[in-house]
Every structure is written in C-alpha cells, then in structure tokens.
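Here are some exercises to work through with the model open beside you. Try each task before you read its solution.

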Amino acid sequence: RARALGLLEPRGAESMSIETINLHVWPRCNLACRYCYATFQATSGSLPLADWQALLDLINVAGVRRVNFSGGEPTLHPELTGMLRHARSVGLQTSIISNGTRLNAEMISLLDLVGVTLDSRDDSVLVRLGRQSRRRVGSHVASVRAAAALAHELGVRLKINTVVTALNLTEDLNELLSELRPFKWKPLQFSTVVGENDGDARELSVSGQAFREFVARHASLANLGIWVAPETAAVIGETYVMVDPIGRLFQQSRHEYRVSEPVLRVGLEAALEQVGGYNREAFLQRGGAVDVHANQLARGSR
C-alpha cells in the first residue's frame, strides 16, 4: 500500500535522522496503571496487519533503524507476531515495552530487545499504582521475573523501566534488579500529560531532587555492568517519535496533544512536521542511539 501511494522513495531521511520510532499498536491494556500517558481513550481498534506492514516498509526506507512496539499493551494485539516478523524481514531492529504479563517465547525470539516495566517489589504499592489487581493471583513481580528468564534463555537483551512516583520513591530495588540482570535500567521521573494522567498528578509527582536521590540510591548497579539511564520528566516528552494505533504521529505534553494526518496518507516527513518534530539532541543525550548500536552488535553475536 505504501508503494502504491508513492511513499517509498527515500525522502528527507538524513534531515529527519530518526533512529527509533515507537509504534503504539494497541490502545488498551490489561492493567490500569495510574501514571499511564497512552490510554488512547478516544481511539478504538488498530490498523489491520497489512497497513502496519506498509508502515514498516515506509519506516525502513526512510532510514529508521529500530521500531519499538508499545501500547496500551502491545502483546494484546492478535497480529503482533506478524508485525515483528515483517519488521525483521525488512531489516529493522525490533524492541518492545510491555508489562510482561503476556510475553511468550515466540514474541521474545523475534526481538532484539525486551523492555518490561517494574515499579515496585511491594504488592501493596503495585495495587495502589494500578499495576496489579487485588483480585489477581500472583504478583506482577513474578510476571517480570518470568519474562526476564525467557529473555536470558533466548539470548535477547533485557531492559527494565521503572516509573518513579511518590508511591515508590523510597524503595530500594538494588537486590531485585541485580537478580534480574538487565543490560539497562531506565528510571523515569513521573511526567504529567494533559487528559491522560494529570488527575493523579498531585499524588504521584516527585521533585527533580527527589528523583535524583532515587537514582543515586541505585548507583552501585553500574558496578554490576547494568547501564543506569535515568530520564527526567522534561526529557521524556520531547525525545520520542510515536505512532498511535490508527497510524498517526502524535506528541503530547503537560499542556497540549498534537496529532498528524495518517502517515500512510502524507508520508513520514510531513507527519513529523505536523506534530512539531522532535528533539534529536536530547534523544542522543539520553543514549537512544547507543541502544540502537548495541542492538546491532548483539544481533551479530546471536
């Protein structure tokens, strides 16, 4: 479809200089995290597989090197493995950010990087965050452990994200992270997004100083070879190129939500202009390009 629309000519790839695009392929989640910034409340459903494949073709030709599958919860998409296979077939690196509850060996085998979110080791905190149901049998930590074990077994690199809020600010995750052995740990300062999670901002927000103290508490992880890569609220919102479940670029912040026309209609470069671009310098400063390079090295050794 992208070829039929005349969108597969390399146009502006160098000027865009995008290493990674985040595909939010599914609008819903099986958890209800209070800090979530991507609930897509006004969106139902997702593009058909053929359109995601066309979009992956377009992304590849534009010079993008990695696609990150996200949501909602991307593992809920019934065609996720089809998307992953197509991305790999055209030479794109693949990664995912998931809550870990539904990741399986087939999915992980098609990835260069598995990202799971781990916010606490305390079940009561996870319940308050909405990351675990009071009725659910077993802890969310158990799901993360299982996903991590599969990633290590299959030789796929593991990244763990931790969203730092007032509810988990005093925790010490050193022992658990040492056990899980991610190559990268990314603590993210809670960021408010208008219309998504701003209703809980007062209870969840943490100051810059408090966030830095949380990160410093875990500095010894670097001695274990774990890359500690913190992201502040200011950096998070401006360094990601994101596609929504119906194929539009979007950018959102505390103050506004911007969305493009469908990328398959106007092309990647025009869609990026419609949402105001992204801050490539900040992307490089947070190590995004290092991720891509490390993925390539790891793939070559598998």
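**Exercise 1. Find what covers the buried residues of helix H9, and say which face they line.**

Step 1. Strand E5 (157-164), strand E6 (184-189) and strand E7 (227-228) are included in what covers the buried residues of H9. Contact here means heavy atoms within 4.5 Å. Helices (H or I, at least four residues) and strands (E, at least two) are DSSP runs, numbered from the N terminus.

Step 2. Now pick out the residues being covered. Helix H9 spans residues 208-217, and its buried residues are Ala210, Phe211, Phe214 and Val215. Buried means under 20% relative accessible area, exposed over 50%, and partly exposed in between (1.4 Å probe, protein chains only).

Step 3. Look down the axis of H9: the buried residues fall within an arc of 140 degrees, so they line one face of the helix. The arc is that of the directions from the helix axis to the C-beta atoms. An α-helix has 3.6 residues a turn, so residues three or four places apart point the same way.

Step 4. Turn to the face of H9 that points away from the buried side, and you will find the exposed residues Arg212 and Ala216.

A word on the model: it is predicted, so local features need pLDDT of at least 70 and side-chain atom pairs count only at pLDDT 80 or more, while totals for chains, interfaces and linings use all residues. Residues are numbered from 1 along each chain as its sequence is written, and side-chain values use heavy atoms, with hydrogens and water left out.

**Exercise 2. Describe how helices H2 and H3 pack.**

Step 1. Begin with the axes: those of H2 (residues 49-61) and H3 (residues 80-89) come within 10 Å and cross at roughly 25 degrees. That makes H2 roughly parallel to H3. Axes are lines fitted to C-alpha atoms, for helices over the stretch in contact, and angles run from 0 to 180 degrees between N-to-C directions. Angles under 35 degrees count as roughly parallel, over 145 as roughly antiparallel, 65 to 115 as roughly perpendicular and the rest as oblique.

Step 2. List the partners: Leu49, Trp52, Gln53, Leu56 and Asp57 of H2 meet Gly82, Met83, His86 and Ala87 of H3. Sorted by class, this contact has five nonpolar, three polar and one charged residues. Ala, Val, Leu, Ile, Met, Phe, Trp, Tyr, Cys and Pro count as nonpolar, Asp, Glu, Lys and Arg as charged, and the others, Gly among them, as polar.

**Exercise 3. Place two buried loop residues, Pro74 and Leu110, and name their contacts.**

Step 1. Pro74 sits in the loop between strand E2 (66-71) and H3. Its relative accessible area is 0%.

Step 2. Leaving aside neighbours within four places in sequence, Pro74 is in contact with Val25, Trp26, Phe69, Leu80, Ile96 and Ile97. Pro74 and Pro27 lie 47 residues apart in sequence, with 8.3 Å between them in space, C-alpha to C-alpha.

Step 3. Move on to Leu110, in the loop between helix H4 (105-109) and strand E4 (113-117). Leu110 has 11% relative accessibility.

Step 4. Not counting residues up to four places away in sequence, Leu110 touches Thr81, Leu84, Arg85, Arg88 and Thr94. Between the C-alpha atoms of Leu110 and Arg88, 22 residues apart along the chain, the separation is 7.5 Å.
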